[in-house]
Amino acid sequence: MSYCFLLLGTYHAYAQRQGVYSFNKNFEDETGLFPALKVLGEKGEFKEDILPELKNAKRPVYVFEKNCGLQFDNRAASGFLGNSYTIEMYFKFSALDSWKRVIDFKNRKSDNGCYIYDGKLNFYNFATSDRAPVRRNEYTHYVISRNGQTKQFKMYIDGESKIEFTDKNDDAVIDEDQVLNFFFDDLMVKDEASEGAVALIKISDFVIPANEIKQSFVNLNKTVLKKAELKVDSPTLSPPANTSLDSLSSLPATSANATVKLEGKIQNEKNKQVIPKAVIILYDKNRAEMARFDALDGKFNIVIPLYQNLDLTIEAQGFLPLSLTYNAAQIAEKSNYTNIFNLKPVSLKEPTTLQNIRFVQGKAELLPESDEELNQLWVFMRDNPNAEIELHGHTDNQGDFDLNVALSKQRVETVKNFLVSKGIAAHRITSRGFGPTRPIASNNREETRQLNRRVEMVITKL
């Protein structure tokens, strides 16, 4: 099958040239004018990937491991890439903690170049953007350009200009080695690369105007080739006849051909008002994204597969995400009702109790029922790269005071370690243990003591 992935329009007004690498099972330039990209490190693999950011378009991509990037040989291209250029990319990283190298102009001899730094755009060491829509495991439309006459360098994300500076010392120009490296560590500092996937690299020897870069991002959503639809064997919107909920819960994952209709609304937990813009994201058992649905008026009516287990995350700007896990029986049951999902609004400086984080009694070991709440917290930190939080640990007053304080500290450290293991920068999370000193209920009875055994989150920066 032949694929054509049009992200930018064709710029017929220019006499200049472009090289296009779309990774259709090879590293060749589609125009035939330029050399194939060279693999740095171990070779990855070509796969078909579903791109939820493009309405679930399905297309070939190249998947690479950490510090296993690609290289453009400018010498083999007869010096094609000079002082003026535009480089367009569509890629994703699996990790965004700290520094992650995108483009290196000096063949690993310098720390300078293009990075994503804790989810922000960065050209080291001249400029860092404000918050940009760059997220782990989500494809990003990324463009840089340099004007050889004015030495103006610009970086764009999703069609929007985020960084602009004068490249006085030619740090964004290929040096005498005449190679351009992508996704690869330099030799100055290690562990500044991420595994990920790339769907497009386009290199032009001219500066594409800002308005056309903006239009290219608009076109990105209009030139989707093939939507990845959920394939079912029949149009049935409810479980098969004569099927009990007990038997549904024991269905093997490979029997997930039936679908059900899930409908309801998403509302503000505090005032019960409908949230006008929200997104429902479906994940498989490995937490790989399957599909996403917009609930633009706060209401939804979606058809979903009747899997044995299905993870949902509901997100809306200004609210904490809500993560849920259903088995086949629960999905079928919920298909019979109008469902209401409540999202908590984000509040600065106001403690929020993480209700479902649970630990083994007397230990800092998390129980499995904590998974949903932990994932909600991770999604919030991932989607809000400027956010910083404090985690507060609390206990009841039973037992030794000092041991309770130490235990409360250890427990929030466990939560912090979970977030860090998922790619959240450690400096964004402060943990404090208060032991029994801040009760919110009576310690005289077990029913109320358990309310005092809690983990709270305070958003200190957003």
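Mentor: Start with helix α4 in this predicted model. Of its 13 residues, 11 are buried, so the rest of the structure largely encloses α4.

Trainee: Which residues of α4 are buried?

Mentor: The buried residues run from Glu373, Leu374, Asn375, Gln376 and Leu377 through Trp378, Val379 and Phe380 to Met381, Arg382 and Asp383.

Trainee: How do I check the length of α4 against its end-to-end distance?

Mentor: Use 1.5 Å a residue. Helix α4 covers residues 371-383 and should span 18 Å. Its end C-alpha atoms are 18 Å apart, which agrees.

Trainee: What does α4 lie across?

Mentor: Helix α4 lies across β24, β25 and β26. It runs at about 160° to β24. Helix α5, residues 401-421, also packs on the sheet and touches β24, β25 and β26. The direction of α5 makes about 160° with that of β25.

Trainee: Which residues of α5 are buried?

Mentor: First, the general idea. An α-helix has 3.6 residues a turn, so residues three or four places apart point the same way. Now the case here. The buried residues of α5 are Asn404, Leu407, Ser408, Arg411, Val412, Val415, Lys416 and Leu419. Their cover includes α4, β24, β25 and β26.

Trainee: What span should α5 have?

Mentor: Its 21 residues should span 30 Å at 1.5 Å a residue. The end C-alpha atoms of α5 are 30 Å apart, so the two values agree.

Trainee: What is the strand order in the open sheet of four strands?

Mentor: The order is β23-β26-β24-β25, and the pairing is mixed. Strands β23 (352-353) and β25 (429-435) stand at the edges. Each has a single partner strand, so one side of each lacks a neighbour in the sheet.

Trainee: In which sense do β24 and β26 pair?

Mentor: Strand β24, residues 388-394, pairs with β26, residues 454-461, in the antiparallel sense. Seven bridges join the two strands. For Gly393, the bridge partner in β26 is Val455.

Trainee: Take Thr352. Is it buried or exposed?

Mentor: Compare its relative accessibility with the cut-off: buried means under 20%. Thr352 is at 17%, so it counts as buried. Thr352 belongs to strand β23. Leaving aside residues up to four places away in sequence, Thr352 touches Leu320, Lys344, Val455, Glu456 and Met457.

Trainee: How many cavities of 30 Å³ or more does the structure hold?

Mentor: Two. The largest has a volume of about 110 Å³. Its lining has 14 residues. Nearest its centre lie Leu96, Asp118, Gly119, Arg382 and Arg428. Arg382 is also one of the buried residues of α4.

Notes. Residues numbered from 1 in each chain as written. Predicted model: local features only at pLDDT ≥ 70, side-chain atom pairs only at ≥ 80, totals over all residues. Heavy atoms only, no water. Expected span 1.5 Å × (residues − 1). Buried < 20%, exposed > 50% of the residue type's maximum accessible area, 1.4 Å probe, protein only. Pairing = 2+ DSSP bridges. Contact = heavy atoms within 4.5 Å. Axes fitted to C-alpha atoms, helices over the stretch in contact; angles between N-to-C directions. 1 Å grid on protein atoms, 1.4 Å probe; cavity = no way out; pocket = protein on both sides within 12 Å on 5 of 7 lines; lining within 4 Å. Points joined across faces, edges and corners; volume = space filled by probe spheres on them.
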